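Morning, everyone, and thanks for making room for me. I'd like to walk you through one structure today, so please have a look at it on the screen.

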Amino acid sequence: MLQFIATNLDPACQKDALTYAIARISKCLTAEKLITDRCKKVNIPGTKTPNHKYWLFPVVVDSPDDVCKFMAAKGFDVTRGTSQLGCVEDYFRSFSSASNAPRLTPTCTSIMNNLVYLPITPEMSDKNLIRLVTYLNLA
């Protein structure tokens with residue numbers, strides 16, 4: 001993200017964009033620590049990679065529809081679904097007659113089926129971030 005800002009934005013916009021990107025990364029790292037410490041049933045994909053930055057903040061939960069409904073009732077817009085993100089196997093299966101064959105990537109399929117996105121932004125107060133994580137743990 002930071003490299004994109006440095007190389008693709010007009011210099012007049014770079015400072016504001018860089019400040020926002022750093023604030024967003026910082027908020028996501030705070031969220032990652034809180035979720036890891038407090039939500040034992042929630043997994044965050046990609047945390048073992050050395051450099052991971054999220055535009056959206058994905059987490060894997062047991063009952064994504066229930067989590068989305070619960071979080072909405074608490075005032076948080078937690079969403080499901082993906083637009084460009086997907087399991088490669090599903091893409092190939094859509095063009096194949098072997099759609100009933102055993103899955104080759106069950107972990108990927110499980111992650112994609114149980115993924116929700118948390119509304120974490122730099123503008124979110126630490127108090128609301130803690131509320132979100134507390135409710136996520138209860139969901």
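Let's begin with contacts along the chain: among those between residues at least 6 apart in sequence, 62% join residues at least 24 apart. Please keep in mind that this is a predicted model. The protein has 139 residues, and buried ones make up 31% of them. About 9,100 Å² is exposed, with carbon and sulfur atoms supplying 57% of that area.

Now the secondary structure. There are six helices and three strands, and reading along the sequence you get the pattern α-α-β-α-β-α-α-β-α.

The strands come together in an open sheet with the order 1-3-2 and antiparallel pairing. Which strands stand at the edges? They are strand 1, residues 57-60, and strand 2, residues 79-80; each has a single partner strand, so one side of each is left without a neighbour in the sheet. As a quick reminder, strands of a sheet pair through backbone hydrogen bonds, either parallel or antiparallel.

Let me zoom in on strand 1. Its antiparallel pairing with strand 3, residues 115-118, runs over four bridges. If you want to find the register on screen, look for Val-59 opposite Val-116 and Val-60 opposite Leu-115. As for the side chains of strand 1, Phe-57 and Val-59 point one way, Pro-58 and Val-60 point the other way, and all of them are buried.

Just ahead of strand 3 comes Asn-114, in the loop that follows helix 5 (106-113). Is Asn-114 buried or exposed? With a relative accessible area of 17%, Asn-114 is buried, because the cut-off for that word is under 20%. Setting aside neighbours within four places in sequence, Asn-114 is in contact with Val-59, Val-60, Val-61, Asp-62 and Pro-64. Two of those, Val-59 and Val-60, we have just met as buried residues of strand 1.

Next, helix 3. The buried residues here are Pro-64, Val-67, Cys-68 and Met-71. They cover an arc of only 100° around the axis, which puts them on the same side of the helix. On the face turned away from that buried side you'll find the exposed residues Lys-69 and Ala-73. What covers the buried residues? The cover includes strand 2, helix 5, strand 3 and helix 6, residues 126-138. After helix 3 comes Gly-75, with a positive phi near 95°.

Cys-68 deserves a moment of its own. This cysteine sits in helix 3, which spans residues 64-73, and is buried at a relative accessible area of 13%. Apart from neighbours within four places in sequence, Cys-68 is in contact with Val-78, Thr-79, Arg-80 and Val-116. Take Val-78 from that list: it lies ten residues along the chain from Cys-68, and their C-alpha atoms are separated by 5.3 Å.

Since we're on cysteines, how many disulfides does a search of the whole structure find? Zero. Besides Cys-68, two more cysteines to look up are Cys-28, buried with a relative accessible area of 7%, and Cys-39, which counts as buried at 1%.

To wrap up, here are two places to revisit on your own screens: the pairing of strand 1 with strand 3, and the side of helix 3 that holds Pro-64, Val-67, Cys-68 and Met-71. Thanks for listening, and I'm happy to go back to any of these views.

Notes:
Residues numbered from 1 in each chain as written. Predicted model: local features only at pLDDT ≥ 70, side-chain atom pairs only at ≥ 80, totals over all residues. Heavy atoms only, no water. Pairing = 2+ DSSP bridges. Disulfide = S-S within 2.5 Å. Buried < 20%, exposed > 50% of the residue type's maximum accessible area, 1.4 Å probe, protein only. Contact = heavy atoms within 4.5 Å. Arc of directions from axis to C-beta. Areas by Shrake-Rupley, 256 points an atom, 1.4 Å probe, with all protein chains shown as cover.
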